[in-house]
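Work through the exercises below with the sequence and the model open. Try each task before reading its solution.

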Protein chains: 4
Amino acid sequence: MILTPASPEPVVTSTSPVRSTNPVPTPQSAAPDVLRCAYMELVVTDLERSRKFYVDVLGLVVTAEDENAVYLRSFEEFIHHNLVLRKGPVAGVAAFSYRVRSPEDLDKAVAFYTELGCRVERNPHGYNKGIGDSVRVEDPIGFPYEFFHDVEHVERLAWHYHLYTPGALVRLDHFNQVTPDVPRAVAYMEDLGFRVTEDIQDEAGTTYAAWMRRKSTVHDTAMTGGDGPRMHHVAFATHEKHNIIAICDKLGSLRMSDHIERGPGRHGVSNAFYLYLRDPDGHRIEIYTQDYYTGDPDNPVVTWDVHDNQRRDWWGTPVVPSWYTDASIVLDLDGNPKPVVARTDDSELAVTIGADGFSYTRKEDTDEMPDWKKGEFKLGAQL
Amino acid sequence: MILTPASPEPVVTSTSPVRSTNPVPTPQSAAPDVLRCAYMELVVTDLERSRKFYVDVLGLVVTAEDENAVYLRSFEEFIHHNLVLRKGPVAGVAAFSYRVRSPEDLDKAVAFYTELGCRVERNPHGYNKGIGDSVRVEDPIGFPYEFFHDVEHVERLAWHYHLYTPGALVRLDHFNQVTPDVPRAVAYMEDLGFRVTEDIQDEAGTTYAAWMRRKSTVHDTAMTGGDGPRMHHVAFATHEKHNIIAICDKLGSLRMSDHIERGPGRHGVSNAFYLYLRDPDGHRIEIYTQDYYTGDPDNPVVTWDVHDNQRRDWWGTPVVPSWYTDASIVLDLDGNPKPVVARTDDSELAVTIGADGFSYTRKEDTDEMPDWKKGEFKLGAQL
Amino acid sequence: MILTPASPEPVVTSTSPVRSTNPVPTPQSAAPDVLRCAYMELVVTDLERSRKFYVDVLGLVVTAEDENAVYLRSFEEFIHHNLVLRKGPVAGVAAFSYRVRSPEDLDKAVAFYTELGCRVERNPHGYNKGIGDSVRVEDPIGFPYEFFHDVEHVERLAWHYHLYTPGALVRLDHFNQVTPDVPRAVAYMEDLGFRVTEDIQDEAGTTYAAWMRRKSTVHDTAMTGGDGPRMHHVAFATHEKHNIIAICDKLGSLRMSDHIERGPGRHGVSNAFYLYLRDPDGHRIEIYTQDYYTGDPDNPVVTWDVHDNQRRDWWGTPVVPSWYTDASIVLDLDGNPKPVVARTDDSELAVTIGADGFSYTRKEDTDEMPDWKKGEFKLGAQL
Amino acid sequence: MILTPASPEPVVTSTSPVRSTNPVPTPQSAAPDVLRCAYMELVVTDLERSRKFYVDVLGLVVTAEDENAVYLRSFEEFIHHNLVLRKGPVAGVAAFSYRVRSPEDLDKAVAFYTELGCRVERNPHGYNKGIGDSVRVEDPIGFPYEFFHDVEHVERLAWHYHLYTPGALVRLDHFNQVTPDVPRAVAYMEDLGFRVTEDIQDEAGTTYAAWMRRKSTVHDTAMTGGDGPRMHHVAFATHEKHNIIAICDKLGSLRMSDHIERGPGRHGVSNAFYLYLRDPDGHRIEIYTQDYYTGDPDNPVVTWDVHDNQRRDWWGTPVVPSWYTDASIVLDLDGNPKPVVARTDDSELAVTIGADGFSYTRKEDTDEMPDWKKGEFKLGAQL
């Protein structure tokens, strides 16, 4: 419990604020040196329809494709792909794939996960086009994680402005995973070498979500409390905020505005500007820009109060309920859906919306507040 | 009735699409030549608190002030003010003030409104500091309208970038009025020389709102159907979209996010980027940027279907109910609140939200639509 | 002479600051009511090459085309075109075309220019596709001016964001003409109903350039002192500054950066953000965004000192010499080049660059100035 | 020599393209683990005047100050400062300061530089307020380098939008150093653990400049060929391009445009948007935004041809000569100016401007080129 009841601002600490009472035991084996989240393999039910969404609408670049898969990258990427769309009978996530520093780190990954008692597979030819020797595991909290180093280099299109659209996606930024026990997930990820940058807690010490990074941004992945394992979203970065607005405008002109689930807005957590879309299978995509440098080992960790209504949206715009409840299933290494375990800790949705929950803009009222009942016109208050 | 049932897009016509069955009779007297909406006089209950909101937070420039009033202008303005905050016992609007082309237009205003049977007053010294000879009327639909030509010129601060904030307001853009009978209001305003640029109707021919202009933008004022006369909002323009986002970010950092009522978003009507705030008295302020040139006499008029869920927000973001229901009272020429008359035509809120209403993104479903039940995660659908 | 020697800032007046000692006599005939600059007809020597530049690179929209001409419009336009590329043996300008308020204004145009002794022609079917009854004249200062009212309406693509490029051009903003005697040109244009919004003078009263408007922006056309009649540039507007930067970035990636002549930068005059390009025939195109409202009859006129080095570029970036010296020839009504008359007044280039000229950032030095010799690293100072 | 004569595009390699024939011998001692460039200590001759420039004009945040020094940070920084302005008799650079991963890395720094035969000092209390145990060296190529780990944490103001100016500086991005022998400097920096991301060469193999990074951006420092050791510039990042334009606009309105030396523009190298300013002592400051992720060990290295006129500015805008010739002196550990050694390799200025040099936009002419003599209006061509 690190928040004090009167805390008017997020609490900043220099060590991890999340403690698990039920941790995954730390392996003796050294963790692989993870560079960054590198790509996600999404299973989609109608490849042509998904290709249209990601290529014709969002403007990702096709590195390669065949009848079963499309390999896509962002404009500033030099590895083969950041997203694989693979045709399959049930929409889900086949792999959260991370790049490691060296080929030797794959041996470390095998040892690390084997010691954890996980199912581990290795394919020296890779599981996807353009990727070499790879290790895939079903990790301790149920997610299909992949690690690789060898990869085909492709042209970095950063300078190819004649190919840019107004909403050009330039980098894969992060993953976001739904898991029932966030502190347990964090403990395991810290063993894997990730560090917490921000989190959401309440005064009783319940952790609702945590953001963790390897590269020097706010996160390579986040753990969001909920029934899991499920995939909450995968996020691509744009250069500027107007690029994100341009994506919304285009979806409007294509009469595809139903694909916009939440935003655009400014996050409290991460300070980034964001937008959440849903793809034709319902997979959630975030478009994201402008978080901050986190690469120092003592980077301050920011803990937000779950009742602070600016934590998820800095402008106090309420989170749409589906954003809390919907997520994509993940697949085991045989391609079968992983069973979903219910969260038993408090639900962020439940504690912040409706009769049992509450939220605040300021811990204590001040003269700055309007006369008319504070925030009464907020959509959240009108739900 | 100009919309056809299968209309997939807004309908474009070259003549006014709004017809009143109950028009205000057209005067014989020539209308004054109105240049543009010029300023609003707002009555506020706590002058210091309102000054803080408009000056310290929004960054409007103080031209003059005394213990009873603050005179504010935007960065590109050269007339004395665009907004007057006047201390008073009841929050309301004392005047919607328009500038006319010449002093002689004031005589025309007197004749025009006298023939209409309106209460008309004239003050050769003006009703506000910096303004000369002025005519004030209680117009046929109950609003306190002012007309003036003589005005004190002040420095246009367009080039004074050292004074700009990230959310700098550069122009007064428009007013928006709530009135029960929109076609009747439109007929009167057309007699006054305004032209409709866009409107919202349903297939039965009910008009829900209409936008009208004198200057070459989408509007100098709009008529929004509802209980009136009331003031819906007054709008200031920024140069770019990021300026509007900066205002939201600042309200967040001041823990004043409750002042954000709706947006930011992209309007369908007007194509502008928008944000709605509420001031300390609850008066609604819009921040607005980038509509289009409308100055040709045959400028195409765009009629939107009230059931098109992109009409009010191009991205399909639902309108918060308070935006439909709340508005500021207006004052008569003695400073007393004008009684409010209920709208008897259908309510846009009622026909578009909840069990009795419906809305659509596309008139007919297509292959482009997602599999998961269309738009089910939209907050509107989750209300 | 309106500038005083010690003037540290542009001088603001409320009446026209330009006086001609040699004016074109004012006609008795009423001037046509000009709405706005509407389109330019450019003669290009290689139609396919020019089409590639304007359509594939700049993204203008093709309304119609045949083997001899391409008709282009911007995204927010509803009249048939804003630019005609017409194939011809010699690159030049066939028409500066203005839209007038009513068909009757064409009769006025005929009378006005006939009284001025100009060559006048009228074509009830129009000189270009999509345009009806039109009057063409060789005006008193040698330019081929066109006036029309009837025009084919086409779809306003403002909402068609799926068609936008990062550098989308949304409006035709203005023309710019080179003429030897600026005050004489201004006097004639004022008779035609135009008003000066800004100008450049020196202390001796020489006028170097003047900006004049009909619509409510800084200009519909400008008169630039130099050997003329010639066409200096035609300008299109974007919504935001990043759109202009995107055009530069795209020209870079196409290895067409040679087409960038000057900018991007911020104008002193007009306060707009700008970029100057040269098309394949050398015709100069400006991309322009964010000047200010000028629609009031007493709009303050801003007079800049020719020696103020922020007048042409607010950041003090020197003007490239070709920008002063190069311009396109204009054609008479038979399509033959108009002879060019040399300017006899002082040249802005000559008085501001090199041994005979000088310029200043501040009229008087202050403590704010750097120690190292002021501005010595400015490219202008290094020329 | 990696460029081939016909190379139309920068050459991309996956290993360092720079080879020294005269390298500093590689120490046996392990290099310290450098996290990032952290701050620069600038000696200024008039502290109040410099404070005005960096605080009142550029908006850096004052963490602390006394009569001899001002400690400044950017909005997203959490360490005590990114810039120290220290009052002194001669303007120069007292330290290029890097943060290392752990306290133990200071011991490594001592051993590493001692083995290199450099002058090494250590101060357990730090050389500047807010900084603990620090090592300072005069490095093998003559620069005063500092390394530290212990630092006072201060509030990260990322969320404090009410303090942002339109041109808010959010991070220290990089240093840039002038040194006669670039390959020798690169070899030493590679021993220190830096990696080349981009460089400029000619066909004969002369290296004109190289960019090197520790953090995952294009650089923490760059080596620019010229008479050295001198400091070329220190760079701060903004979020978006309009922030950089806002700085120019503000300098214009303060009549301080002389402080703008070069830009704004788009770099070829780094792909970032840039602006170069000169402070009151002539120290050069870059404002910079939007380069790309470089954190993978096999990040592709981009080698530009010195004759490619888009290498320094993607739009082909010529580099102002002073940008090549001017730089700040650096100080030894006693605070005395380090003697400057002349470059003997070819000068980038000499080989690209004037009679002896040349540059190209395209290696080979194509039909895309304009008819008028290519690029003749470019200011470089008009010099």
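**Exercise 1. A helix and its buried face**

What should the 12 residues of helix 2 (residues 104–115) of chain A span at 1.5 Å a residue, and how far apart are its end C-alpha atoms? Then find the buried face of helix 2 of chain A and what covers it.

Solution. Keep in mind that this is a predicted model.

Step 1: the span. The expected span is 1.5 Å times one less than the number of residues. For helix 2 of chain A that gives 16 Å, and the end C-alpha atoms lie 17 Å apart, which agrees.

Step 2: the buried residues. Buried means under 20% relative accessible area. In helix 2 of chain A, A:Asp105, A:Leu106, A:Ala109, A:Phe112 and A:Tyr113 are buried.

Step 3: the face. Viewed down the axis of helix 2 of chain A, these buried residues fall within an arc of 120 degrees, so they line one face of the helix.

Step 4: the cover. The elements of chain A covering the buried residues include strand 6 (92–100), strand 7 (119–123), strand 8 (134–138), strand 9 (144–148) and helix 3 (182–191).

Step 5: the exit. Just after helix 2 of chain A, A:Gly117 has a positive phi of about 80 degrees.

**Exercise 2. A sheet in chain D**

In what order do the 8 strands of the open sheet in chain D run? Describe the sheet and the helix that packs on it.

Solution.

Step 1: the order. The strands run 3-4-5-2-6-9-8-7, with mixed pairing.

Step 2: the edges. Strand 3 (61–65) and strand 7 (119–123) of chain D each pair on one side only, as edge strands.

Step 3: the twist. From one strand to the next, the twist averages 25 degrees.

Step 4: one pair. Strand 2 (residues 34–44) and strand 6 (residues 92–100) of chain D run antiparallel, joined by 8 bridges. Here D:Arg36 stands opposite D:Arg99 of strand 6.

Step 5: the helix. Helix 2 (residues 104–115) of chain D packs on the sheet and touches strands 6, 7, 8 and 9 of chain D. Its direction makes about 160 degrees with that of strand 7 of chain D.

**Exercise 3. Placing a serine**

Where is C:Ser216, and is it buried or partly exposed?

Solution.

Step 1: the place. C:Ser216 sits in the loop between strand 12 (207–213) and strand 13 (221–225) of chain C.

Step 2: the exposure. C:Ser216 has a relative accessible area of 22%, so it is partly exposed.

Step 3: the contacts. Beyond its neighbours within four places in sequence, C:Ser216 contacts C:Tyr292, C:Tyr293, C:Thr294 and C:Gly295.

Note on methods. Residues are numbered from 1 along each chain as its sequence is written. Chains are lettered from A and ligands numbered from 1 in the order in which they are written. This is a predicted model: local features need pLDDT of at least 70, side-chain atom pairs count only at pLDDT 80 or more; totals for chains, interfaces and linings use all residues. Side-chain values use heavy atoms; hydrogens and water are left out. Helices (H or I, at least four residues) and strands (E, at least two) are DSSP runs, numbered from the N terminus. Buried means under 20% relative accessible area, exposed over 50%, partly exposed in between (1.4 Å probe, protein chains only). The arc is that of the directions from the helix axis to the C-beta atoms. Contact means heavy atoms within 4.5 Å. Two strands pair if DSSP finds at least two bridges between them. Axes are lines fitted to C-alpha atoms, for helices over the stretch in contact, and angles run from 0 to 180 degrees between N-to-C directions.
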